[in-house]
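Q: I am new to this structure and would like some help reading it. Could we go through a few features together?
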Amino acid sequence: MSGALQLTITTPMEVLVDHIPVLSVRAEDESGSFGILPGHADVLTVLTVSVLRWKTVEGQAGFCAVGPGLLTVSGGIRVDVACRKAIPGDALEALEQEVRSFKQGETEADRQARVEQMRLHANAVRQMMRFLRPDRPGVMDHPPSVTPTGGEA
């Protein structure tokens, strides 16, 4: 391992970490947690809501809770993170709690969206059944009859 990585973390509103030299980075995507050291192969991956960790060249640990985003490694020395939301901090436990809270909120929002989708689907099926059942009074007595046109007069 020679040299250092240059870490940058950005959100749409600000640059939180601007090209600081680090010895290693630890991140998390859908496949799990992974580490990056100087000389790493070029990578582009989608980060999940998690805590990004790094170790500076001075030996200090750095942490940042990141929302969904992209992580790129280029040239074996640059690590760039672009995410919707990021919260830097010194206390790992507090950031991990923040991530858990965010994931719980996402899970609840997903559940509510599925419930609403199922409700809309059930209403659409009920509406179709009202129009397709000829024995239902007041909707449609019988489907329109189609008479052939042509040779008979």
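Q: Is Met-128 buried, partly exposed or exposed, and what is its relative accessible area?
A: Happy to help! Keep in mind that this is a predicted model. Residues count as buried under 20% relative accessible area and as exposed over 50%, with partly exposed in between. Met-128 has a relative accessible area of 49%, so this residue is partly exposed.

Q: Where does Met-128 lie?
A: Met-128 belongs to helix α1, which covers residues 92-132.

Q: Which residues make a nonpolar surface patch with Met-128?
A: Val-125, Met-129, Phe-131 and Leu-132 join Met-128 in a nonpolar surface patch of about 490 Å².

Q: How do I read the phi of His-19?
A: Start with the general idea: most residues other than glycine have a negative phi. In this model, phi of His-19 is near 55°, a positive value. You can find His-19 in strand β2, which runs over residues 15-29. With a relative accessible area of 36%, His-19 is partly exposed.

Q: What pattern do the helix and strands follow along the sequence?
A: The order is β-β-β-β-β-β-β-β-β-α. That gives nine strands and one helix.

Q: How much of the protein is buried, and what is its accessible surface?
A: Of its 153 residues, 25% count as buried. The accessible surface comes to about 10,400 Å², and carbon and sulfur atoms account for 57% of that surface.

Q: What share of the contacts joins residues at least 24 apart?
A: Taking contacts between residues at least 6 apart in sequence, 49% join residues at least 24 apart.

How values were computed:
Residues numbered from 1 in each chain as written. Predicted model: local features only at pLDDT ≥ 70, side-chain atom pairs only at ≥ 80, totals over all residues. Heavy atoms only, no water. Helix = DSSP H or I, 4+ residues; strand = E, 2+ residues; numbered from the N terminus. Buried < 20%, exposed > 50% of the residue type's maximum accessible area, 1.4 Å probe, protein only. Contact = heavy atoms within 4.5 Å. Areas by Shrake-Rupley, 256 points an atom, 1.4 Å probe, with all protein chains shown as cover. Patch = residues over 30% accessible without salt bridge, like charges linked within 9 Å, V, L, I, M, F, W, Y side chains within 5 Å. Salt bridge = Lys/Arg side-chain N within 4 Å of Asp/Glu carboxyl O.
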